[in-house]
Amino acid sequence: MVVTLGYWDIRGLAHAIRLLLEYTETPYQERQYRAGPAPDFDPSDWTNEKEKLGLDFPNLPYLIDGPTKLTQSNAILRYLARKHDLCGQTEQEKQRVDLMENQLMDFRMGFIRLCYSPDFEKLKPGYLEQLPKKLQEFSRFLGSRPWFAGDKLTFVDFLAYDVLDQHRMFVPDSPEFQGNLGRFLQRFEALPKVSSYMSSGRFMKTPIFWRTAKWCSTKD
């Protein structure tokens with residue numbers, strides 16, 4: 001059965017899900033919703049369907065897998081990860097997965113707030129000033145491990161890749177990406193199924209954000 005992933009026609013919160021679907025070779029199709037033209041960016045392509053899909057909490061992204069209908073990006077990731085034993089195996093690994101999942105979401109949301117703020121240019125210097133410390137914390141947590149939970153890949157590595165790659169695009173010359181975080185990104189991109197996807201026409205690197213964002217809201 002083919003899974004349906006619904007989201008805007010952007011990278012956004014669906015990127016890690018797409019990567020995980022590709023890595024696990026899950027057959028899927030996308031329903032990509034498109035906003036209308038500026039300045040209104042009419043969302044009716046989504047809102048006209050929103051209440052008709054049988055979702056408990058109608059939102060984007062959503063995943064429909066037969067009778068299973070989920071929203072919330074991390075709930076979708078966990079659902080897929082449980083099917084493929086990618087949630088950590090030992091208690092320590094599971095603790096690291098849970099911690100990393102929530103830490104990454106805090107990090108992501110801070111970046112989202114910046115990129116959608118009308119005061120983006122005013123707030124950007126302060127964000128860049130604090131960024132090295134935040135990246136150094138992720139670097140310390142990763143340490144010499146190949147993956148964030150330990151020796152085995154888990155779904156938080158898909159999240160981490162997405163969020164860290166966005167920041168690598170935002171600050172390409174950041175020295176924090178010259179060490180183990182940079183090697184993590186390279187290691188992830190070298191996974192055969194990920195590499196194949198990233199070189200395919202299905203892969204979406206940009207736009208990251210919706211049309212109203214102040215950074216990376218258009219396709220390169």
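1. Which residue follows H1, and what is the sign of its phi? In this predicted model, H1 is followed by Glu25, and the phi of Glu25 is positive, near 55°.

2. Helix H1 itself, made up of residues 15-23, is mostly covered, with 8 of its 9 residues counted as buried. The buried set consists of His15, Ala16, Ile17, Arg18, Leu19, Leu20, Leu21 and Glu22, and a reader setting up protonation states may wish to note that Arg18 and Glu22 are among them. The packing partners of these buried residues are strand E1 (3-8), strand E2 (28-33), helix H3 (73-83), H6, H7 and helix H8 (192-198).

3. The UniProt record, an unreviewed entry, carries the annotation "domain: GST N-terminal" for residues 1-88. In the model, that span is 31% helix and 23% strand, and its end C-alpha atoms lie 26 Å apart.

4. The salt-bridge count for the model comes to 16. One of these joins Asp9 and Arg34, with 3.8 Å between the closest N and O atoms; Asp9 sits in the loop between E1 and H1, whereas Arg34 sits in the loop between E2 and helix H2 (44-50), so that the pair links distant parts of the chain, 25 residues apart. Since a salt bridge is counted within 4 Å, the 3.8 Å of this pair falls inside the cut-off. As to the surroundings of the two partners, Asp9 is buried, at a relative accessible area of 15%, while Arg34 counts as partly exposed, at 47% relative accessibility.

5. A second salt bridge is formed by the side chains of Arg31 and Glu49, at 3.0 Å from N to O. Here too the pair links distant parts of the chain, with Arg31 in strand E2 and Glu49 in helix H2, 18 residues apart. Arg31 is partly exposed, with a relative accessible area of 23%, and Glu49 likewise counts as partly exposed, at 25% relative accessibility.

6. Arg168 and Glu189 form a further salt bridge, in which the closest N and O atoms are 2.8 Å apart. Because Arg168 belongs to helix H6 and Glu189 to helix H7, this pair ties together parts that are 21 residues apart in sequence. Arg168 is partly exposed, with a relative accessible area of 22%, and Glu189 counts as partly exposed at 23% relative accessibility. Both residues also belong to a network of salt bridges whose other members are Arg11, Arg108, Asp162, Asp165 and Lys205.

7. Glu176 deserves a separate comment. What is the nearest side chain of opposite charge to Glu176, and how far away is it? That side chain is Arg140, at 9.2 Å, and Glu176 is buried yet has no salt bridge; the reason is that a salt bridge needs a nitrogen of Lys or Arg within 4 Å of a carboxyl oxygen, whereas the nearest candidate stands 9.2 Å away.

8. Glu176 lies in the loop between helix H6 (155-170) and helix H7 (180-189), and its side chain does have polar partners in the model: a polar contact of 3.1 Å joins it to the side chain of Gln136, and another, also given as 3.1 Å, is made with the side chain of Ser174. When neighbours within four places in sequence are left aside, the residues in contact with Glu176 are Pro132, Leu135, Gln136 and Leu181, so that Gln136 appears both in this list and as a polar partner.

Methods:
Residues are numbered from 1 along each chain as its sequence is written. This is a predicted model: local features need pLDDT of at least 70, side-chain atom pairs count only at pLDDT 80 or more; totals for chains, interfaces and linings use all residues. Side-chain values use heavy atoms; hydrogens and water are left out. Helices (H or I, at least four residues) and strands (E, at least two) are DSSP runs, numbered from the N terminus. Buried means under 20% relative accessible area, exposed over 50%, partly exposed in between (1.4 Å probe, protein chains only). Lys and Arg count as positive and Asp and Glu as negative; His and the chain ends are not counted. A polar contact is a pair of N or O atoms within 3.5 Å; within protein, one must be able to donate a hydrogen and the other to accept it, and residues adjacent in sequence count only if both atoms are side-chain atoms. Contact means heavy atoms within 4.5 Å. UniProt positions are given in the numbering used here, feature names are shortened, and annotations may be inferred rather than shown by experiment.
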